[in-house]
Amino acid sequence: MSWGCRILKVDPERPDEASLRVAAEAIRRGGLVAFPTETVYGLGADALNPRAVKKIFEVKGRPPDNPLIVHISDWEMLGRIADEVPKAALKLARKFWPGPLTLVLKRKKVIPDEVTAGLPTVAVRMPAHEVALKLIRLSDTPIAAPSANPSGRPSPTTGSHVLRDLDCKVDVILDGGETYFGLESTIIDVTRNPPVLLRPGPIAVEDVEKALGERVMVTDESRGLSHAERPLAPGMKYRHYAPDTPVVLVDVNPSDIVTVVESAVRELNKLDWKAGLVGSTNLIWLVVGYGLRKGRMPLKIYDLGRGEKPHVAARRLYHVLRKIDEHSLPAAVVLPFPEEGIGLAVMNRLRKAASRRVSG
Ligand code: TXA
Ligand code: MG
């Protein structure tokens, strides 16, 4: 493992070829490269090289039973790694690739067990990011990449998050600034009938269903509501996206404003208001307004934008989860978002980040 890395700034839309060549060379030699995608930063290695893939698990402290997503740059690469591409998968790939959608497919033998944790399937996506696509192309191999954070922590959405998190334990960091969506891809298992949502993300389930012309199974697990002992996406059994600061999620239907405000105020009272408050602009100011009338204010306010625009919340979410730790607060109280569109992903991440949930 190399300790000490090259940090190369790249333009996210027109990345400099020389920098990408340095990174691709590292991949080809079995090294690790952190790179931006449209969702979050990935920690990549040659998906066909088991020794390189093992290093990803070491650097992240990731449990070996949690498989990785394989990133491809073109359709020919899909044929190299997937054994069977069912009609449903083709429909979705044609509609959403390149983009923030991961498909679970039957794997070919070339994909080592280290990548799939021994499963007969492989998770694949074609990212919509010039840096990622060119890196894969120049490396001329599919790239296995989890999010570039230590296991269990919020995913990195900027190059400096990666540097702070991984402390240069990789060969190259391609710093392409801030990622676009700020949340990990939607994962659909198309080996099952009906297809199953394994992780909500930027591509809304509603849009997946429209493209498929059939319903997708949305389990409690994928909403972040339960922890199966053997979940369909093995990563879902672990606590995730979590800051060190205790996070209390008010897990109440956000349109039930009275219950939201009452529950939040009760939690803040328990903490003597020595807490941060996170949520949509509208709900935050209702809670703050209530507090002010009693002469109380939360220590810090983290505004995730208007509740009816959950993509803004998605983009800010991991920044805020990181800020909460930087500000060394005793706790944070988080208000709910509607579970529509990318809002389903926002609530899934919040439930997994929460140390406690209150439901009214
Ligand atoms: O947006 C993203 O998907 C980012 C960027 C870097 O592409 N990657 C990402 O990877 O979020 P990671 O490792 O943090 O999450 C991968 C998830 C895990 O929950 C894992 O269990 C699941 O995908 N997964 C991977 N292979 C699978 C498989 N064969 N069957 C079911 N779940 C799988
Ligand atoms: Mg991750």
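## A strand and its partners

Let's start with a pair of residues: H71 has R125 as its bridge partner in strand β7. Keep in mind as you look around that this is a predicted model. H71's partner belongs to a strand that covers residues 121-125. Strand β4 (residues 69-71) runs parallel to β7, and three bridges join the two.

Now look at β6, which runs antiparallel to β7 and is joined to it by four bridges. Here you can find L103 standing opposite V124 in β7.

## Both faces of β7

Are the residues of β7 buried or exposed? Five of the five are buried, which leaves the strand mostly covered. In a regular strand, side chains alternate between the two faces of the sheet. On one side of β7 you will find T121, A123 and R125, while V122 and V124 are on the other, and all of them are buried. Both faces of the strand are therefore covered.

## A helix enclosed by its neighbours

Next, find helix α12, residues 343-353. Why can we call this helix largely enclosed by the rest of the structure? Eleven of its eleven residues are buried, so little doubt remains about the label "largely enclosed". Among these buried residues are G343, A345 and M347, and also the charged-looking names R349, R351 and K352.

What do the buried residues of α12 pack against? Their neighbours include two helices, α8 (205-212) and α11 (310-326). They also pack against the strands β11 (196-199), β13 (247-250), β16 (332-334) and β17 (356-358).

## Two cis peptide bonds

Two spots in the backbone are worth a visit. The peptide bond from W97 to P98 is cis, with omega near -10 degrees. To find P98, look in the loop between α4 (87-96) and β6 (101-107); β6 is the strand that pairs antiparallel with β7.

The bond from N193 to P194 is cis too, and its omega is near 0 degrees. P194 sits in the loop between β10 (186-189) and β11, and β11 is one of the elements that α12 packs against.

## Neighbours with positive phi

Finish in the loop between α9 (257-270) and β14 (276-279), where you will meet D272. Its phi is positive, about 55 degrees, although D272 is not a glycine. W273 is found in the loop between α9 and β14 as well, and this non-glycine residue has a positive phi of about 60 degrees.

How is each one placed with respect to the surface? D272 counts as partly exposed because its relative accessibility is 35%. W273, with a relative accessible area of 3%, is buried, since buried means under 20%.

How values were computed:
Residues are numbered from 1 along each chain as its sequence is written. Chains are lettered from A and ligands numbered from 1 in the order in which they are written. This is a predicted model: local features need pLDDT of at least 70, side-chain atom pairs count only at pLDDT 80 or more; totals for chains, interfaces and linings use all residues. Side-chain values use heavy atoms; hydrogens and water are left out. Buried means under 20% relative accessible area, exposed over 50%, partly exposed in between (1.4 Å probe, protein chains only). Contact means heavy atoms within 4.5 Å. Two strands pair if DSSP finds at least two bridges between them.
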